[in-house]
Amino acid sequence: MVGAMPVNLIPKFCNGAMNSHNGDDDEMQVTIGCRIKSNDDFGTVKYIGDVQGYKGIWYGVEWDNIERGKHDGSLDGIQYFKTTRPGGGSFIRPNKVSPVRTCAEAIQKYYGDREDETVAAHRRTVINEWKREMGAPFIEMVGFEKIHQKQKFDRLQEVCVHDQNVARAGDLATLCPNVRSLDVSQNLFANWREVINISAQLPELNELNISKNRMAIDMPEETMLHLSNNFASLEKLNISVCDYNWFDLLALSHLWPNINEIIAAYNRIKEITPPDVTLRTLSVLRLDGNPIDSWEEIIHLGRLRKLNVLSLNDCLIESIRFNNDPGNAKDLFENLEVLFLNRNRIRDWQSVSELNKLKNLKKLYFLKNPIQDSEDYDTGSQLIIAKIGTLQELNGSIITRESRRGAEYDYLKRYGAEWKLAQSDTCKKKAFDLEHNRFQELIDKYGIPDDSLLVKQQKNMTLTSQLLEVTLQDENGKVLKKKFPSTMAVQKLVTLAQRLFSKGNTKHPTLHLLYDKDNGSEMELDNVMKDLAYFSVKSGDAIIVRFR
């Protein structure tokens, strides 16, 4: 690759970790800093030598899984090494460590032993035809097997050697120089020098998965910038479960000049600083499972001009705020179209309203947040659709024009009465506008619904006051009084009525709200996916159960 630093010039660091080499070593010795595997456990060697009172050589290891450890590197009052986490270390014999191999050896073993039977049969047929044509049935096709093997490895473009005890690069340039996608996840790389060595030998490498490796960052940013030409073709990188924080990721980002997608899930990313110099080509960023608990940290990603997809599933975010200026996000996340927020800790609907400030947001994944416990799924989905005007898809479902219109009009009816009350009080109006920052836009679009259609808001919002005391009665005169939350779905009430009133009746019950007892006027609760508040059911109302 023109301009790439020769691999033999990649700096070696004297921190006790193993040195970087181009070719395969006759024997890859374990040294301090090496990554090792014993049975199914991974760890880092922190000590090699004698242990007082025990014969032979021992490895002092800090384990990735702290439950595998027994101490912090101290035994019988002697400190042999120190662990970064209490109780994460132990000693093991060298013969308990799995042998390591190079990436080239792993590829040769995994892909060299596999051959499609059809291809093998065809090859044998061709050889036999050559022998017949040459009139020499016993001639040996010297070198044919090697040529065939070489051609097979040359054709490799997607390679996976997951969990194969790989610790070094090996001679990949000779073996399989055309690889474009490489998965070396859950192996034994101890630092980035061997990863750089791999990429330097694969000039077409476009996708790299090095997740579940614990690689020390033992070179300065200036050196990484100088080595970045070795990753000129790399566009997609997976560094999940590598025990990195955001500052580690930013330091490493000097290696990836043309990166398009980074998956950095389940690391230690909690604080985020703006990437002022690097990541300018990044369009997809997945930070799922990191302990990010503040939206203020996420805002620091807002200047990534090309960011199109942001995934924050399984984080710890409790609320979303840009600030109280309705238009303050106009210069942030200007090209963000897809956002994942499943399984966070979001507890207020204003957080959903804040997402309306992302002017190009088209797809949102928002499931299993605490705020959604207050509504059934359909009602919650309608609220999200009404609150975010640009959405075209929610949780993988296309939002049709009809469903948007229905959601927005129901939203006006649900909060119209509250909006009217707030107009005469400046403080209430300000609070309402923050909570419902699209409401005026929807009024301009549809007009405010008639008073008779507005859902009356309860002044006392304690749990007890939100329970409606409703009389249920059937056509046979059976009467029951029950208390239900106003957010209860009609479908649940139908199921309850079936159990309470059926008496073996196999017909399906329908519910009818008696809203004028004097003349017997009724309204059927005909949309079972709506809640009781949607039909303006209030305490003291009677609901008639009929079986059809």
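Which helix is Ser-353 found in? Ser-353 sits in helix H9, which covers residues 349–354. I will come back to that serine after an overview. Please keep in mind that this is a predicted model.

First, the whole protein. There are 14 helices and 24 strands. The protein has 548 residues, and 48% of them count as buried. The exposed surface is about 27800 Å², with carbon and sulfur atoms supplying 49% of that area. Now take the contacts between residues at least 6 apart in sequence: 66% of them join residues at least 24 apart.

Back to Ser-353. Is Ser-353 buried or exposed? Its relative accessible area is 1%, and buried means under 20%, so Ser-353 is buried. The side chain of Ser-353 has two polar partners to look at. One is the side chain of Lys-387, in a polar contact at 2.8 Å. The other is the backbone oxygen of Glu-435, which the serine side chain reaches at 2.7 Å. Setting aside residues up to four places away in sequence, Ser-353 touches Lys-387, Leu-434, Glu-435, His-436 and Asn-437.

Next, salt bridges. Side chains of opposite charge can pair when their charged atoms come close. How many salt bridges does a search of the whole structure find? The search finds 28. I will show three of them.

Start with Asp-41 and Arg-68, whose closest N and O atoms are 3.2 Å apart. Asp-41 belongs to strand S2, residues 41–51, while Arg-68 is in the loop between strand S3 (54–63) and strand S4 (74–75), so this salt bridge ties together parts that are 27 residues apart in sequence. Asp-41 is partly exposed at 21% relative accessibility. Arg-68 is partly exposed too, with a relative accessible area of 23%.

The second pair is Arg-268 and Asp-243, which meet in a salt bridge at 2.8 Å, N to O. Here both partners are in loops: Arg-268 between strand S13 (261–263) and strand S14 (284–286), Asp-243 between strand S12 (236–238) and helix H7 (246–252). The pair therefore ties together parts 25 residues apart in sequence. Arg-268 has 40% relative accessibility and counts as partly exposed. Asp-243, at 33%, also counts as partly exposed.

The third pair is Arg-438 with Glu-408, and the closest N and O atoms are 3.0 Å apart. Arg-438 is in the loop between helix H12 (426–435) and helix H13 (439–446), and Glu-408 is in helix H11, so the pair ties together parts 30 residues apart in sequence. Are these two residues buried or exposed? Both Arg-438 and Glu-408 are buried. One more item on this topic: salt bridges that share partners join Arg-35, Asp-64, Arg-214, Asp-243 and Arg-268 into one network. Two of those names, Arg-268 and Asp-243, come from the second pair.

Glu-408 brings us to helix H11, residues 401–422. How far apart should the ends of H11 be? At 1.5 Å a residue, its 22 residues should span 32 Å, and the end C-alpha atoms are 30 Å apart, which agrees. H11 also has a kink of about 50 degrees, centred on Tyr-415.

Now Val-455. This valine is in the loop between H13 and strand S20, which runs over 467–474. Its relative accessible area is 10%, so Val-455 is buried. Which residues does Val-455 touch, not counting residues up to four places away in sequence? They are Lys-413, Arg-414, Ala-417, Ala-533, Tyr-534 and Ser-536. Val-455 and Leu-412 are 43 residues apart in sequence, yet their C-alpha atoms are 9.3 Å apart in space.

The last stop is Asp-474, which is found in strand S20. Asp-474 has 11% relative accessibility and counts as buried. Which backbone nitrogens lie 3.1 Å and 2.9 Å from a polar atom of its side chain? At 3.1 Å it is the backbone nitrogen of Gly-477, and at 2.9 Å that of Lys-478. Leaving aside neighbours within four places in sequence, Asp-474 is in contact with Phe-501 and Val-545.

To recap the residues for your notes: Ser-353 is buried in this model, as is Val-455, and Asp-474 counts as buried as well. Asp-41 counts as partly exposed, and so does Arg-68. That is the end of the talk.

Notes: Residues numbered from 1 in each chain as written. Predicted model: local features only at pLDDT ≥ 70, side-chain atom pairs only at ≥ 80, totals over all residues. Heavy atoms only, no water. Salt bridge = Lys/Arg side-chain N within 4 Å of Asp/Glu carboxyl O. Helix = DSSP H or I, 4+ residues; strand = E, 2+ residues; numbered from the N terminus. Buried < 20%, exposed > 50% of the residue type's maximum accessible area, 1.4 Å probe, protein only. Contact = heavy atoms within 4.5 Å. Polar contact = N/O pair within 3.5 Å; in protein donor to acceptor, adjacent residues only side chain to side chain. Expected span 1.5 Å × (residues − 1). Bend = angle between axes of the 7 residues up to and from the residue. Areas by Shrake-Rupley, 256 points an atom, 1.4 Å probe, with all protein chains shown as cover.
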